[in-house]
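Please look over the structure shown here, with attention to its nonpolar cores and to two individual residues.

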Amino acid sequence: MARHTVGGVATTVGTATLPLVSIYNTATIRFQLREVHIFNTTATGSFTVALCRLSSTGTPGVGLTEVSLSGAAAVAGSTAFAGHTLAPTLADLGYRKRMGPAVGDGVIWTFNGAAGVSSVLGAANGIGLYVPVGTGQIMDYCLVWDED
C-alpha cells in the first residue's frame, strides 16, 4: 500500500457548497484518507471547517502536486485540487472543527483504522474540506491518504 500527501495554503476560502481542497479517485483506484491537518492563518472571524464526501466533480480548481511518502517510485493515482469554482455534490461526514479567530488555531484528525475514511470507487468521487458555517478564511492544510 502506498501513502501520499498534499499540503499547502488554501487558495480559496471555501463555502457551504465549494470545497477549499479536494481529492478524487480514478475509475479504478480508491483511496483511504488517513490524516487531515487544518490550521487557521488569519485572526478575523470564526468559522467551521468540515470533511465531506464528494459524488460529483463540479469544476475543481488548479491541480495540486501529490507527494509519495512511500518512496520516489510510487505515483499517486488520486488527484488533489485547490478549491472549486462550480459546486460538486457533497455530503457532510460529521467531522467538524470550529476555527477560532486566531492564527494557528487548528486540528489534526487521524483515521488509522482498517478502512480509514474511504472514498467511493469512481472518477467523480472523492473527499474534500468545506465551510458549512461562517465565512471561511485562508488556512493551511495537509491531507494524507493510502492507495491499494
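The notes below cover the basis of the model, its cores and two residues.

This is a predicted model, in which local features need pLDDT of at least 70, side-chain atom pairs count only at pLDDT 80 or more, and totals for chains, interfaces and linings use all residues. Residues are numbered from 1 along each chain as its sequence is written, and side-chain values use heavy atoms, with hydrogens and water left out.

**Nonpolar cores**
- The largest nonpolar core (buried Ala, Val, Leu, Ile, Met, Phe, Trp, Tyr and Cys residues joined through side-chain atoms within 4.5 Å) has 28 residues, and those with the most contacts inside it are Leu 33, Val 36, Ile 38, Leu 129 and Leu 143.
- At least two residues of this core come from each of several strands (E, DSSP runs of at least two residues, numbered from the N terminus), including E3 (31-40), E11 (126-134) and E12 (139-147).
- Apart from this core lies another, of 6 residues, among them Ala 50, Leu 54, Phe 81 and Tyr 130.

**Lys 97**
- Lys 97, which lies in strand E8 (residues 90-99), is buried (under 20% relative accessible area, with exposed over 50% and partly exposed in between, using a 1.4 Å probe and protein chains only) because its relative accessible area is 17%.
- Leaving aside neighbours within four places in sequence, Lys 97 is in contact (heavy atoms within 4.5 Å) with residues including Phe 47, Val 49 and Trp 109.

**Pro 60**
- Pro 60, placed in strand E5 (residues 59-63), counts as partly exposed at 25% relative accessibility.
- Pro 60 and Ala 102 are 42 residues apart in sequence and 28 Å apart in space, C-alpha to C-alpha.

Definitions and conventions:
Helix = DSSP H or I, 4+ residues; strand = E, 2+ residues; numbered from the N terminus.
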